[in-house]
Every structure is written in C-alpha cells, then in structure tokens.
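Please look over the sequence and the model below before reading on. The paragraphs that follow lead through its strands, its helix packing and a few local details of the backbone.

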Amino acid sequence: MRNNLRSIGEISIVDIVKILLKRLWLIIMITLLCALGAFVYTKTFISPQYMSTASLYVTNGTRVNAGNSANLSDINAAEKLVDSYIVVLQSDNVAQQISENTKLGLSKGAIKSMIKMASVNGTQVLEVRVTSTKREEAQTIANAMLEVAPGVLKQVAKVGEVETLDTASEARKISPNVVTNTIVGFLLGLVISILIVLIQAMLDRTIKGEEDFNEHYTISILGSVPDFKETEKGGYKR
C-alpha cells in the first residue's frame, strides 16, 4: 500500500526558518522576558560580594647584611614556609583573634569562611583575600589578619619571619555581574523559545491550506473550499 504521508524527518532548513519567522513574536517575547527576569533576580535577590586583598612577604629569618644578597637556598626555604604559614593562619585560633580585634560580631567560623590565602605564583609573597557582603568589613578583616599574623607565626612556627608587603586594598565588587547574568538569561530565553516553537510545529498535524497539504501528502487535490472571510484569495464577503 502506498504511503501518501511524507516523513517528518524530511523537514528542511528552509521549513525551520519559515516556522521560526512565523512565530518570531513569541521568540522575541520569551527571550526578553527571560533577560528581564535574570536582570531583576540578580539586582533583587543576589547579595553583592566584595573582596579586599593584602599581602605578606615571607623570609626564612636569615638577615641579609649590606653588600650581601640572599642565596638560592634561603629563597627556596622561604617559599616552602609559605604553605606552612597558610595552614597556621587558617586555624581557629587566628580566626578567634581576628573576631575579637575587629569587634564585628562575627564568629570564628564566619571569619574563616571569608578568608582565602595562597602563594603568588609560588613565590615568597603570601596573598590574603577576604570576601564579604560588606565593603568595609572585607577591608577591616584583611587588615586585622596583617596585624595578627606576625605574632601568631612567631609563637607557633618559631621559624621565619613575615612583613607586610601591601596593606588591605579598598574592597572591590566581584559579584554578581549584572551584565553577564542578563546575557545568560537572554541566551537561555532564546534557546527555550526556539525549542518551544519547533516542538509546537512538530506536534501540530493539522492541514492549513493547499500548500501545507502538498508538503505532507503526495496525492492530488481534486478541489478546495474557499475561505469566505478572505476576499483577497477569491472568497466572498458575507
């Protein structure tokens, strides 16, 4: 028996473009709504985050006299000390001292979660990064770390020395990025709207005219009933 219905898989790129252009208004509406939603959500519900940075310079405790320079072994020893110092400075004891000194009403657990430390490119420089939802709070805690660190390291590590290289910078806003989130919302809305339009078109099996009939069937048309509401196509006005 001859199959008069064409396969759905025969749809072409031209057909897809026609479908999308026909529902362009829907695609634009959904895309703009998603972009607007991402913008409003970012501005309203996401708390801003601020970061302040400070740095310490680590030495192995060897004093360099005038006319002499630090040798390679001294530098290597200082670089290895950085990792040990980071572990010490991330302790509960240090966080408790910072909490008491700053008098911000933050627990030592909250203080610890706000502070990140790392060696700068494997050098003797130890960078302290403090993140907070309050600009002044981040800078205050970073400076408090610079004050507490030398005494704690001298007491606990008993080897090496640290000096302040850079005091805490004015905290800068690091998140959220309103522009990025809005663009993501725009692109997400565009993808969702296109999928909705294409799925609707695939599920719609109704025949809307001779052209549509010919696209789906291979049998001949014997006749058609005119649309009496469309006088431009040869119909009749009621």
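In which sense do strand E2 (residues 115-119) and E3 pair, and over how many bridges? E2 and E3 pair in the antiparallel sense over 5 bridges, where two strands count as paired if DSSP finds at least two bridges between them. This is a predicted model, in which local features need pLDDT of at least 70 and side-chain atom pairs count only at pLDDT 80 or more, whereas totals for chains, interfaces and linings use all residues. Residues are numbered from 1 along each chain as its sequence is written, and side-chain values use heavy atoms, with hydrogens and water left out. The element names follow DSSP runs numbered from the N terminus, helices being H or I runs of at least four residues and strands being E runs of at least two.

Within the pairing of E2 with E3, Lys116 has Arg129 of E3 as its bridge partner. The hairpin of these two strands has 5 residues between them, and there Asn121 takes a positive phi near 55 degrees. Strand E3 (residues 125-132) is also joined to strand E1 (residues 49-59), by 8 bridges and again with the strands running antiparallel; here Tyr50 has Ser132 in E3 as its bridge partner.

Turning to the helices, H2 (residues 24-45) packs against helix H7 (residues 178-203) at an angle of about 150 degrees, with the axes 7 Å apart. Such axes are lines fitted to C-alpha atoms, for helices over the stretch in contact, and the angles run from 0 to 180 degrees between N-to-C directions. H2 and H7 are therefore roughly antiparallel to each other, on a scale that takes angles under 35 degrees as roughly parallel, over 145 as roughly antiparallel, 65 to 115 as roughly perpendicular and the rest as oblique. The residues of H2 that meet H7 include Ile30, Cys34 and Ala38, and those of H7 that meet H2 include Gly185, Gly189 and Val197. The residues of this contact of H2 with H7 divide into 13 nonpolar, 8 polar and 1 charged, with Ala, Val, Leu, Ile, Met, Phe, Trp, Tyr, Cys and Pro counted as nonpolar, Asp, Glu, Lys and Arg as charged, and the others, Gly among them, as polar.

Leu20, in helix H1 (residues 13-22), also touches residues far along the chain: Leu20 and Val197 are 177 residues apart in sequence and 6.8 Å apart in space, C-alpha to C-alpha. Leaving aside neighbours within four places in sequence, Leu20 is in contact (heavy atoms within 4.5 Å) with Ile27, Ile194, Val197 and Leu198.

A second helix pair is formed by H4 (residues 92-102) and H6 (residues 135-156), whose axes come within 9 Å and cross at roughly 125 degrees. H4 and H6 are therefore oblique to each other. By class, the contact of H4 with H6 has 7 nonpolar, 4 polar and no charged residues.

Some local details complete the picture. Most residues other than glycine have a negative phi, and most peptide bonds are trans. Lys103, in the loop between H4 and helix H5 (108-114), has a positive phi of about 55 degrees although it is not a glycine. A cis peptide bond, with omega about -5 degrees, joins Ser175 and Pro176, and Pro176 lies in the loop between strand E5 (172-175) and H7.
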